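Please open the structure in a viewer with residue labels switched on. The tour below proceeds by selections, each followed by an account of what is found there.

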Amino acid sequence: MQIEDNDIKKRNPFTVPDEYFAKVHNRVMSRLPQEREKRKYKVTSLLNVGHWGYAAATILMFTIGGVLFYNDNIQMAQEITAADEYNNEYIDELLENYNIDEYALYSYLTSADTGY
Amino acid sequence: MTDKQQEYNDKELLSHLQDPTLRIKAFSYIVKRYSEPLYWHIRRMVLTHEDSDDLLQNTFIKAWSNIENFRGESQISTWLFRIAINETLTFLGHKNMETVSLSHTDGIIAEQLESDTYFNGDHADALFHEAVQRLPEKQRIVFNMKYFDNMKYSEISEILGTSIGALKASYHIAVKKIESYLTENN
């Protein structure tokens, strides 16, 4: 069956209610101001901040990250220093109380490290 | 707008749309001018008047909501058809999820059409529109624009963003499928 020269092409079997196109024009036009108002008072999402917002958030994130990283390093350095000081005090106390000379202690620690 | 203003071309209409004091009148003219072509295009895609009516109104509301972004890079009719097609495809996407099993039976769409108050065709018309309805959505859009709306391939290409070669192939395949369906079901 060939459809290119078919009469169906020229027929429109679909119909619409009386005066539909005049009525739909009025209905659409009466809805427009309301749609405008809806847009005017539309709540803007906090996530809808555009490129500048994303750029600012990225800079803020790196700044906070940098500060935290720097603070952590300082804190860690302070803890290491404190631990060293504590160890030195403890060793001094041992040397004093147990009458061990520094050479003997050094020899002991060296043999302990190497497993002998 | 008055009848005299109906002679305004797209350029003049665009300048009126960009002027807040003239915008509503220009848009009223657009609704009057494009209601029928847009309605018939939508109607051939969704078949029922009620759905077509909703989609037509939504098309104009969406166009109005985005009117400030329309810069006239394309013709007003192209822009409106794109909106109407997007609205229709979204609607059909939701509807197909609900009625996918029902439409598989041959003849059921023709039967529904013949019982529709706003359809006054005979069984051959109903069967023809069922055959069109069974095409994949994008092929159906191309077929309807070419066969019923008598659009040029260049116009369809601008609306759908598809090459003319691909449109010609799509239309040719659509015609063959419809002819085959009608031969089998007559």
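## Salt bridges

Over all chains of this predicted model, the rule yields eight salt bridges. Begin with R11(A) and D125(B): R11(A) lies in the segment before helix 1 (20–40) of chain A and D125(B) in helix 6 of chain B, so the pair joins two chains. The closest N and O atoms of R11(A) and D125(B) are 2.7 Å apart. How accessible are the two partners, R11(A) and D125(B)? R11(A) is partly exposed, with a relative accessible area of 34%, whereas D125(B) counts as buried at 4% relative accessibility.

Next, select E68(B) and R23(B), which form a salt bridge with a closest N and O separation of 3.4 Å. This pair links distant parts of the chain, 45 residues apart: E68(B) is in the loop between helix 3 and helix 4 (76–99) of chain B, and R23(B) is in helix 2 of chain B. E68(B) is partly exposed, with a relative accessible area of 36%. R23(B), with a relative accessible area of 11%, is buried, because buried means under 20% relative accessible area.

Then move to K62(B) and E87(B), whose side chains meet in a salt bridge at 2.8 Å, N to O. Here too the pair links distant parts of the chain, with K62(B) in helix 3 and E87(B) in helix 4 of chain B, 25 residues apart. K62(B) is partly exposed, its relative accessible area being 41%. E87(B) is buried, with a relative accessible area of 14%.

## The interface of chain B and chain A

Display both chains and select the residues in contact: 46 residues of chain B meet 26 residues of chain A. The area buried between the two chains is about 3,400 Å², and carbon and sulfur atoms give 63% of that area. Which residues of chain B lose the most area to chain A? They are Q57(B), I61(B) and Y147(B), which together account for 18% of what that side buries.

For the polar part of the interface, the count is eleven residue pairs in polar contact between chain B and chain A, both residues of a pair being at pLDDT 80 or more. Colour chain B by helix at this point. Helix 2, helix 3 (49–65), helix 6 (123–133), helix 7 (137–147) and helix 9 (164–185) of chain B each supply at least two residues of the side that touches chain A. Helix 2 of chain B gives the most to that side, with twelve residues. Two salt bridges are found across the interface of chain B and chain A.

## S35(B) in helix 2 of chain B

Select S35(B), which is placed in helix 2 (residues 23–46) of chain B. Is S35(B) buried or exposed? At 2% relative accessibility, S35(B) counts as buried. Show the residues around S35(B): beyond those up to four places away in sequence, S35(B) touches F21(A), V24(A), I30(B), L56(B) and F60(B). Within chain B, the side chain of S35(B) reaches the backbone oxygen of V31(B) at 2.5 Å. In an α-helix there are 3.6 residues a turn, so residues three or four places apart point the same way.

## Helix 7 of chain B

Select helix 7 of chain B next. This helix is mostly covered, with eight of its eleven residues buried. The buried residues are Q139(B), R140(B), I141(B), V142(B), F143(B), N144(B), M145(B) and Y147(B). Among them, Y147(B) was already met as one of the residues of chain B that lose the most area to chain A.

## Chain A and its nonpolar patch

Finally, isolate chain A, which has three helices and zero strands. From the N terminus on, its elements run α-α-α. Of the 116 residues in chain A, 12% are buried. Chain A exposes about 10,000 Å², and carbon and sulfur atoms supply 59% of that area.

Which residues make a nonpolar surface patch of about 300 Å²? Select L60(A), I64(A) and L68(A), which make this patch. L60(A) is in helix 2 (residues 50–98) of chain A. At 52% relative accessibility, L60(A) counts as exposed, because exposed means over 50% relative accessible area.

Definitions and conventions:
Residues numbered from 1 in each chain as written. Chains lettered and ligands numbered in written order. Predicted model: local features only at pLDDT ≥ 70, side-chain atom pairs only at ≥ 80, totals over all residues. Heavy atoms only, no water. Patch = residues over 30% accessible without salt bridge, like charges linked within 9 Å, V, L, I, M, F, W, Y side chains within 5 Å. Areas by Shrake-Rupley, 256 points an atom, 1.4 Å probe, with all protein chains shown as cover. Salt bridge = Lys/Arg side-chain N within 4 Å of Asp/Glu carboxyl O. Helix = DSSP H or I, 4+ residues; strand = E, 2+ residues; numbered from the N terminus. Buried < 20%, exposed > 50% of the residue type's maximum accessible area, 1.4 Å probe, protein only. Polar contact = N/O pair within 3.5 Å; in protein donor to acceptor, adjacent residues only side chain to side chain. Contact = heavy atoms within 4.5 Å. Buried area = accessible area lost by both parts, 1.4 Å probe.
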